[in-house]
Amino acid sequence: MTRPFRFGVNMVTPASGTDWSKRCKRAEELGYDVILVPDHLGMVAPFPALVAAAEATERPRLGTFVLNTGFWNPALLAREIATTDALTEGRLEIGLGAGYVQEEHERAGLPFLPPGERVGRLARTVEALEGLLGDESHVPPSTQRPRPPLLIGGNGDRVLRLAARHADIVAFTGAKARAGAMIALSAEELDERVAAYRGFAAGRETPAELNVLLQLVAVTTDRAAAVRPLLPYLPDMTEEELLKVPLLAAGTVREMAEQLREQRERYGFSYLTVLDPYMEALGPVIEELRGT
């Protein structure tokens, strides 16, 4: 069954209280379904920012995209989640990831573990939260029972197996690490990652919602010109291959809408997130796709 589209905006640009409220209200006006906040040093603190977003809006859900579990003690995180879920009247969605920025861990005075150990910490955090938030005696109690919807982000096998067991939403990174940088996956590489997840999730009764983050949105009549400046950063890709990368949306409003429909058919991506600098650009596409 094809899921209807859902759209989120990841608010990566810090703002004062008044400006934050205005931007959240604008996201609601443009039709975004979810207002999201990342978890990086140098950006806003996730939970107070989401409470403020809830105060400024009525309809959108609120989420973390995604929390770095290396920053959090599970018991304290459970308290933050339950309190924020209550203060937002059950609008919270919780997104978790393993973390990937070594410099942020160093600034915070926290160890930057090897990849396998970071994924292990993510798994332990997910399991601890399941127990803590599902416990009816937990104080404060979560408004949504047994817990808010859970998103897990990543694309490695261990993360995808964890998501297959626990996540209501799976956010595919759409990139791979190479020499300390994140390199976009080709369309074919992402095919393989989605197929791997589907294999791990074969026994699920309820399919998860699949998400991808759009790194670029360009309204243009010349799609090739819009993505051409990225070619020096992706030397293994041709211009034609780059135009097929699901992280990039370029073209007229109608062309982008068709691109996103095709990607939903190919990969199952029905929940699309955009970075806030592209919030306005995607607005007409949301209107074009609403209800489909």
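**Notes on the predicted model**

1. Start close to the end of a helix. Just after α11, G291 takes a positive phi of about 85°. This structure is a predicted model, and every point below refers to that model.

2. Helix α11 itself covers residues 279-289. Its buried residues are M279, L282, G283, V285, I286 and L289. What do they pack against? The partners are β1, α1 (17-30), β10, β11 (216-219), α10 and β13 (269-275). Two of these partners, β1 and β10, come back in point 3, and α10 comes back in point 6.

3. Now look at charge. Side chains of opposite charge can pair when their charged atoms come close. The model has 16 salt bridges. One of them joins the side chains of R6 and E209, at 2.7 Å from N to O. R6 sits in strand β1 (residues 6-10) and E209 in strand β10 (residues 209-214), so this pair ties together parts that are 203 residues apart in sequence. Are the two residues buried or exposed? Both R6 and E209 are buried.

4. R6 and E209 belong to a wider group. They are linked with R61 and E93 in a network of salt bridges. E93 falls within strand β5, which spans residues 92-97.

5. A second salt bridge connects R193 and D157, with the closest N and O atoms 2.8 Å apart. Which elements does it join? R193 lies in helix α7 (residues 187-200) and D157 in helix α6 (residues 157-166), so the pair ties together parts 36 residues apart in sequence. R193 is buried, at 13% relative accessible area. D157 is partly exposed, at 32% relative accessibility.

6. A third salt bridge stays inside one helix. E258 pairs with R261, and their closest N and O atoms are 3.5 Å apart. Both residues lie in helix α10 (residues 253-267). They are 3 residues apart, about one turn of the helix. E258 is partly exposed at 37% relative accessibility. R261 is partly exposed too, at 26%.

7. Strand β6 deserves a look. It runs over residues 150-154, and 5 of its 5 residues are buried, so the strand is largely enclosed by the rest of the structure. Which way do its residues point? L150, I152 and G154 point one way, while L151 and G153 point the other way.

8. The neighbours of β6 are parallel strands. Strand β5 pairs with β6 in the parallel sense over 3 bridges. Here L96 stands opposite I152. Strand β7 (residues 169-172) also pairs with β6 in the parallel sense, over 4 bridges. There I152 stands opposite V170. Together, β6, α6 and β7 make a right-handed β-α-β unit. Helix α6 is the helix that holds D157 from point 5.

9. Last, the nonpolar cores. In soluble globular proteins, nonpolar side chains tend to be buried together. The largest nonpolar core here has 81 residues. Which of them touch the most other members? They are Y32 and Y197.

10. Follow Y197 outward. Leaving aside residues up to four places away in sequence, Y197 touches L160, A163, A164, V170, F172, R204, A208 and L210. Among these, V170 is the residue in β7 that stands opposite I152. There is also a second, separate core of 9 residues, which includes F65, A171, Y271 and L275.

How values were computed. Residues are numbered from 1 along each chain as its sequence is written. This is a predicted model: local features need pLDDT of at least 70, side-chain atom pairs count only at pLDDT 80 or more; totals for chains, interfaces and linings use all residues. Side-chain values use heavy atoms; hydrogens and water are left out. A salt bridge is a side-chain nitrogen of Lys or Arg within 4 Å of a carboxyl oxygen of Asp or Glu. Helices (H or I, at least four residues) and strands (E, at least two) are DSSP runs, numbered from the N terminus. Buried means under 20% relative accessible area, exposed over 50%, partly exposed in between (1.4 Å probe, protein chains only). A nonpolar core is a set of buried Ala, Val, Leu, Ile, Met, Phe, Trp, Tyr and Cys residues joined through side-chain atoms within 4.5 Å. Contact means heavy atoms within 4.5 Å. Two strands pair if DSSP finds at least two bridges between them. A crossover is right-handed if, with the strands pointing away from the viewer, the path from the first strand over the helix to the second runs clockwise.
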